[in-house]
Amino acid sequence: QMNLRLTGCFTLPFVFEMDTTPESYLDLFPLETIVYLTPDSENGKYFTSFRQGVYVLGGLVDESIHKQLTLRRARQQRLQTARLPIREYMVRAPNARNYHCETLAINQVFDVLSTYYETRSWPAALRAGVSSGKGYVLPDSAEQ
């Protein structure tokens with residue numbers, strides 16, 4: 001199995017390098033530095049006081065079939081978990097289907113993280129990465 005590895009630094013200008021490696025992140029980095037990002041984590045406040053670390057973006061094609069798979073994987077590997085602070089900064093928007101989903105695609109998570117590093121603002125970052133189709137919006141007070 002090959003793993004996609006994106007390395008870089010979140011300082012301006014952003015510089016990233018992407019490659020594949022047969023090595024696991026568990027072998028490449030100290031376990032105490034790895035944080036597995038999963039929408040099923042209860043740890044949303046982690047990002048309100050962001051720390052340096054190695055972030056694993058847990059990704060799936062269909063969120064409805066594999067609920068909590070990434071959380072279980074992180075727990076089996078004894079890794080810290082966190083989720084983006086969507087609940088902390090956004091509110092559920094009324095919609096016809098009553099649909100609200102905190103599961104984002106990998107590119108959306110990356111957009112949120114890179115915007116946060118650039119602006120140091122969670123409202124700006126979440127606005128950049130969480131589409132209105134997810135059923136969440138920023139409240140007026142958070143946009144100020």
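A salt bridge here is a side-chain nitrogen of Lys or Arg within 4 Å of a carboxyl oxygen of Asp or Glu. Take one case: Glu88 and Arg83 form a salt bridge, with their closest N and O atoms 3.0 Å apart.

Some ground rules before going on. This is a predicted model, in which local features need pLDDT of at least 70, side-chain atom pairs count only at pLDDT 80 or more, and totals for chains, interfaces and linings use all residues. Residues are numbered from 1 along each chain as its sequence is written, and side-chain values use heavy atoms, with hydrogens and water left out.

Now the overall layout. The protein has six helices and seven strands. Those are DSSP runs, numbered from the N terminus: helices are H or I with at least four residues, strands are E with at least two. Along the sequence the pattern reads β-β-α-β-β-α-β-α-β-α-α-β-α.

Next, burial. Buried means under 20% relative accessible area, exposed means over 50%, and partly exposed is in between, with a 1.4 Å probe and protein chains only. Of the 144 residues, 36% count as buried. The protein exposes about 8,900 Å², and carbon and sulfur atoms supply 51% of that. The areas come from the Shrake-Rupley method with a 1.4 Å probe; for residues, only the protein chains shown count as cover.

Contacts next. A contact means heavy atoms within 4.5 Å. Among contacts between residues at least 6 apart in sequence, 61% join residues at least 24 apart.

On to the sheet. What is the strand order? An open sheet of three strands runs 4-3-5, with parallel pairing. Strand 4 and strand 5 are the edges, each pairing on one side only. Neighbouring strands are turned by 35 degrees against each other on average, direction ignored. For angles, axes are lines fitted to C-alpha atoms, for helices over the stretch in contact; angles run from 0 to 180 degrees between N-to-C directions.

Pairing has a rule too: two strands pair if DSSP finds at least two bridges between them. In general, strands of a sheet pair through backbone hydrogen bonds, either parallel or antiparallel. Strand 3 and strand 4 run parallel, joined by four bridges. Ile34 has Val54 as its bridge partner in strand 4. Val35 stands opposite Tyr55 in strand 4. On to strand 5, residues 80-82: strand 3 pairs with strand 5 in the parallel sense, over three bridges. There, Leu37 has Ala82 as its bridge partner.

Look at the side chains of strand 3. Ile34 and Tyr36 point one way, Val35 and Leu37 the other, and all are buried. Val35 is at 1% relative accessibility. The C-alpha atoms of Val35 and Leu79 are separated by 6.3 Å, although the two are 44 residues apart along the chain. What lies across strand 3 and strand 4? Helix 4 does, running at about 150 degrees to strand 4.

Now Thr81, which sits in strand 5. Thr81 is buried, at 15% relative accessible area. Its side chain makes a polar contact with the side chain of Ser41, at 2.9 Å. A polar contact is a pair of N or O atoms within 3.5 Å; within protein, one must be able to donate a hydrogen and the other to accept it, and residues adjacent in sequence count only if both atoms are side-chain atoms. Leaving out residues up to four places away in sequence, Thr81 touches Val35, Tyr36, Thr38, Ser41, Asn43, Leu71 and Ala74.

Back to the charges. Side chains of opposite charge can pair when their charged atoms come close. How many salt bridges are there? The count comes to three. Glu88 with Arg83 you have heard. Arg83 is buried, at 4%, while Glu88 is partly exposed, at 31%.

The second is Glu42 with Arg87, at 3.6 Å, N to O. Glu42 lies in the loop between strand 3 (34-37) and strand 4 (54-57), and Arg87 in helix 3 (residues 86-89), so the pair ties together parts that are 45 residues apart in sequence. Glu42 is exposed, at 64%, and Arg87 is partly exposed, at 36%.

The third is Arg87 with Glu102, closest N and O atoms 2.8 Å apart. Glu102 lies in the loop between strand 6 (91-92) and helix 4 (106-119) and Arg87 in helix 3, so this pair ties together parts 15 residues apart in sequence. Glu102 is buried, at 17%.

Which residues form a network? Glu42, Arg87 and Glu102 are linked by salt bridges.
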